Amino acid sequence: MQSLLDVSGLAFAYDGAAAVRDVSLSVQPGEIVALLGANGAGKSTTVRMIAGVLTPQKGDIRFAGEVLTGSPSHVVVRRGITLVPEGRLVFPQMTVMENLQLGAHIKQRGEIAALVDKAFALFPRLAERRGQLAGSMSGGEQQMLAIARGLMAEPRLIILDEPSLGLMPIVVQEVFKLIEAVNKSGIGVLLVEQNLHQSLRIAHRGYVLEKGSVVLAGTGQELLADAYVQKAFLGR
Ligand SMILES: Nc1ncnc2c1ncn2[C@@H]1O[C@H](COP(=O)(O)OP(=O)(O)OP(=O)(O)O)[C@@H](O)[C@H]1O
Ligand SMILES: [Mg+2]
């Protein structure tokens, strides 16, 4: 089967300080793939390169078999990859509806209403709050809005950068259930997380990043059973 995303040998340094040294990973159609690692491991830098926010200094990115390396973010979005960045950057002074409409900026006007309906079907909580200012919603609701807004571009792959950050465990569970629902609707997911247990529960496979390099890869079960993971992440 043709990979959805294929990344090989990516590297990036900020002003000479290496942040990503050697990252190779893939996402197959239909998969949720977790990208795991501690603070500063290089997760966000990696996904910023994939999304075209940063240009890789080494390595290749292919999407559905075609070269994507070095394409700027507006091209990457049109090719079918959406990044929901760290820190759920919704527009606080705009309503839920306005935030969603902005997510559809690459779409024709006539398509937007149907896309909003689709988002509301997946996220009923947002439908109830369509007129509410995004900044007045709870953290979990803002995260749902950030994901729903990302879906408005109709990506084939959605990259979520630490969607559980700062959320209570019960809310994290709810957000992760929605991520599974998004995946079941046919969208590949690259899930950046520090929350190893929760993410490996829903991920088909995962990669562990340390100091900018992939040090481990495997299925959720394999990674959870790995002695290194247990020591480094789970304190055992
Ligand atoms: N804009 C920047 N300018 C300079 N250095 C940066 C910048 N962004 C990140 N870095 C550095 O690059 C390294 C990797 O950072 P990155 O944000 O990719 O890690 P991360 O795995 O996403 O961490 P976290 O889990 O804390 O979000 C870190 O040492 C960080 O300080
Ligand atoms: Mg990060």
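The legends below describe close-up views of ligand 1 and the magnesium ion in a predicted model.

**View 1. The residue shell around ligand 1.** Ligand 1 is surrounded by 13 residues, of which Asn 39, Gly 40, Lys 43, Thr 45 and Glu 162 come nearest. Sorted by class, this shell comprises four nonpolar, six polar and three charged residues. Helix H1, which spans residues 43-50, gives the most to the shell, contributing three residues.

**View 2. Polar contacts to oxygen atoms of ligand 1.** A polar side-chain atom of Thr 45 lies 2.5 Å from an oxygen atom of the ligand, and a polar side-chain atom of Glu 86 is found 3.0 Å from an oxygen atom of ligand 1. From Gly 42 it is a polar backbone atom that takes part, with a separation of 3.0 Å from an oxygen atom of ligand 1. Taken alone, ligand 1 exposes 630 Å², and the protein buries 61% of that area.

**View 3. Protein donors of the magnesium ion.** The magnesium ion, ligand 2, has as its protein donors Ser 44, through OG, and Glu 86, through OE, lying 2.0 Å from the ion. Because Ser 44 lies in helix H1 whereas Glu 86 belongs to the loop between strand S6 (81-84) and helix H3 (96-103), the pair ties together parts that are 42 residues apart in sequence.

**View 4. Accessibility of the two donor residues.** Ser 44 has a relative accessibility of 11% and therefore counts as buried, the limit for that class being under 20%. Glu 86, with a relative accessibility of 33%, counts as partly exposed; Glu 86 also supplies the side-chain contact to ligand 1 at 3.0 Å.

Technical notes: Residues are numbered from 1 along each chain as its sequence is written. Chains are lettered from A and ligands numbered from 1 in the order in which they are written. This is a predicted model: local features need pLDDT of at least 70, side-chain atom pairs count only at pLDDT 80 or more; totals for chains, interfaces and linings use all residues. Side-chain values use heavy atoms; hydrogens and water are left out. A residue is near a molecule or strand if one of its heavy atoms lies within 4 Å of it. A polar contact is a pair of N or O atoms within 3.5 Å; within protein, one must be able to donate a hydrogen and the other to accept it, and residues adjacent in sequence count only if both atoms are side-chain atoms. Accessible areas come from the Shrake-Rupley method with a 1.4 Å probe; for residues, only the protein chains shown count as cover. Helices (H or I, at least four residues) and strands (E, at least two) are DSSP runs, numbered from the N terminus. Ala, Val, Leu, Ile, Met, Phe, Trp, Tyr, Cys and Pro count as nonpolar, Asp, Glu, Lys and Arg as charged, and the others, Gly among them, as polar. Donors are N, O and S atoms within 2.8 Å of the metal (3.2 Å for Na, K and Ca); water is not among the atoms, so sites may look incomplete. Buried means under 20% relative accessible area, exposed over 50%, partly exposed in between (1.4 Å probe, protein chains only).
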